[in-house]
Amino acid sequence: MNSQSLINEIQALSQAEFSYAFNSDFNELNRLDYGCSGVMMEAHVLFINIKNYTSILNTSRRLAARVHKIYQLSLDAVAKETKGHFSCLTPQSFLLIYPNESFDAGYAVDAALKTANLIGKEAHDTIEGLAHVSFSIGIDTGNILGCKVASDNGLDRILWVGTAIEKAKAISQVCLQPFYVGISGTVFQRLDEDHRFTTKRIIGFKKQVEIWSMVSYQFDNVKKHLYQTNILKSFEEDK
C-alpha cells in the first residue's frame with residue numbers, strides 16, 4: 001500500500017459514520033464488518049493484570065513469554081467453563097466479559113474468585129516459574145463497545161473499549177496481594193448477601209465475616225471506593 005492510498009483510506013474511515021448494534025450474543029460477533037461497525041453491550045468486565053510483568057521480562061524474556069502463554073491458556077479455559085468471552089489485550093493484561101443480560105454481578109464475582117484460585121494458588125504451587133508472579137483482577141460493569149481491527153480477526157482479537165474497562169483496569173492496579181480481586185462500588189451494590197459474607201471458624205466457633213474490605217482510589221481525578229478480597233473459590237466446588 002502506497003502512502004496516498006493509505007491517506008485515502010484513513011480519510012474515508014474518518015468520515016464514515018460509526019454504526020453499532022446492541023447485542024449480547026458472542027456468536028454474533030463473527031458478523032462484525034471490518035472498519036466502522038461494532039457491537040455494544042452492557043457487561044461485567046474482569047480485567048486481569050500481571051502486575052510485575054516488566055520485572056519478569058527484565059529477568060528472562062523466555063520466562064515472560066511462558067508466563068503470558070500460561071495465563072492466556074488458563075483464562076481461555078475459564079471463559080469456556082463459565083460461558084464468558086476472553087480477550088487478550090497486551091502480554092500482561094486480559095479481559096473476561098460477561099453480558100449483564102445473561103449473568104449477574106454475583107456470577108461475575110464467582111468467576112473472578114475461581115480465576116484467582118486457578119492462576120494464583122493452583123498454578124503457582126505446581127508450575128515452575130510462577131511462584132513470584134503477582135497478579136490482580138478488577139471488576140466493573142457498564143456499556144462496552146467491541147469492533148474488529150482487522151478483517152481476519154477472530155473473536156479473541158476484537159478490540160473492546162469502554163469506561164468500565166478503564167475502571168476495572170484502575171481497580172486491578174490498586175489491589176495488592178494478598179487481595180487478588182477488587183470490585184467497583186456499583187458491582188458491590190448489586191451483590192446479594194451470599195457474595196458479601198462468608199462463614200469462618202474462629203476459635204472453634206463459626207462466625208459470619210465480611211468478604212470485602214473498602215479502600216479508596218482515584219479514577220479520572222475523582223476519589224472513588226473499591227472493595228477487595230483475598231477469598232478464593234475453586235471450580236471443584238460446583239462439581
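Visitor: Is Lys-80 buried or exposed?

Guide: Lys-80 is exposed, with a relative accessible area of 63%. Keep in mind that this is a predicted model.

Visitor: Which residue does the Lys-80 side chain meet in a salt bridge?

Guide: That would be Asp-76, with an N to O distance of 3.5 Å. Both residues sit in helix α3, 4 residues apart, or about one turn of the helix.

Visitor: And how does Asp-76 count, in terms of accessibility?

Guide: Asp-76 is partly exposed, because its relative accessible area is 28%, and the partly exposed class runs between 20% and 50%.

Visitor: How many salt bridges turn up in the whole structure?

Guide: A search of the whole structure finds 1, and Asp-76 with Lys-80 is a salt bridge pair.

Visitor: OK, moving along the chain. What's going on with phi at Lys-83?

Guide: Phi of Lys-83 is near 65°, which is a positive value in a residue other than glycine. Lys-83 belongs to the loop between α3 and β3, and it is exposed at 60% relative accessible area.

Visitor: What is phi at Asp-220?

Guide: Near 55°, again a positive value in a residue other than glycine. Asp-220 is in the loop between β10 and β11, and with a relative accessible area of 63% it counts as exposed.

Visitor: Let's zoom out. How many helices and strands are there?

Guide: The secondary structure comes to 6 helices and 11 strands. Of the 239 residues, 46% count as buried. The accessible surface is about 13,300 Å², and carbon and sulfur atoms account for 49% of that.

Visitor: What share of the contacts join residues at least 24 apart?

Guide: Taking contacts between residues at least 6 apart in sequence, 64% join residues at least 24 apart.

Visitor: Now the inside. Which residues touch the most other members of the largest nonpolar core?

Guide: The core has 40 residues, and the ones touching the most other members are Leu-46, Leu-96, Ile-137, Ile-139, Val-181, Ile-183 and Trp-212. Several elements supply at least two residues each, including β2, α3, α4, β5 and β7.

Visitor: Which element gives the most?

Guide: α4 does, with 8 residues.

Visitor: What does Leu-46 touch?

Guide: Leaving out residues up to four places away in sequence, Leu-46 touches a list that includes Phe-94, Leu-96, Tyr-98, Ala-108, Ala-112, Ile-137 and Ile-139. There's also a second, separate core of 14 residues, with Met-41, Leu-95, Ala-164 and Ala-168 among them.

Visitor: Back to Val-181. Where is it, and is it buried or exposed?

Guide: Val-181 is in strand β7. It counts as buried because its relative accessible area is 0%, and the cut-off for buried is under 20%.

Visitor: What does Val-181 contact from farther along the chain?

Guide: Not counting neighbours within four places in sequence, its contacts include Ala-112, Leu-113, Ala-116, Ile-137, Ile-139, Trp-212 and Thr-229. Leu-113 is 68 residues away along the chain, yet the two C-alpha atoms are separated by 7.0 Å.

Visitor: Thr-229 is on that list. Where does Thr-229 lie?

Guide: Thr-229 lies in strand β11, and it is buried too, with a relative accessible area of 0%.

Visitor: What does a buried threonine's side chain reach, in the case of Thr-229?

Guide: The side chain of Thr-229 reaches the backbone nitrogen of Ile-231 at 3.0 Å. Setting aside neighbours within four places in sequence, Thr-229 is in contact with Leu-113, Pro-178, Phe-179, Tyr-180, Val-181, Ile-211 and Trp-212.

Visitor: And out on the surface, which residues make a nonpolar patch?

Guide: Ile-202, Ile-203 and Phe-205 make one of about 380 Å². Ile-203 is found in the loop between β8 and β9, and at 78% relative accessibility it counts as exposed.

Visitor: Last one: what about Ser-19, where is that?

Guide: Ser-19 lies in strand β1 and counts as partly exposed, at 41% relative accessibility. Ser-19 and Val-39 are 20 residues apart in sequence, with 8.6 Å between their C-alpha atoms.

Notes: Residues numbered from 1 in each chain as written. Predicted model: local features only at pLDDT ≥ 70, side-chain atom pairs only at ≥ 80, totals over all residues. Heavy atoms only, no water. Patch = residues over 30% accessible without salt bridge, like charges linked within 9 Å, V, L, I, M, F, W, Y side chains within 5 Å. Areas by Shrake-Rupley, 256 points an atom, 1.4 Å probe, with all protein chains shown as cover. Salt bridge = Lys/Arg side-chain N within 4 Å of Asp/Glu carboxyl O. Buried < 20%, exposed > 50% of the residue type's maximum accessible area, 1.4 Å probe, protein only. Polar contact = N/O pair within 3.5 Å; in protein donor to acceptor, adjacent residues only side chain to side chain. Contact = heavy atoms within 4.5 Å. Core = buried A, V, L, I, M, F, W, Y, C linked by side-chain atoms within 4.5 Å.
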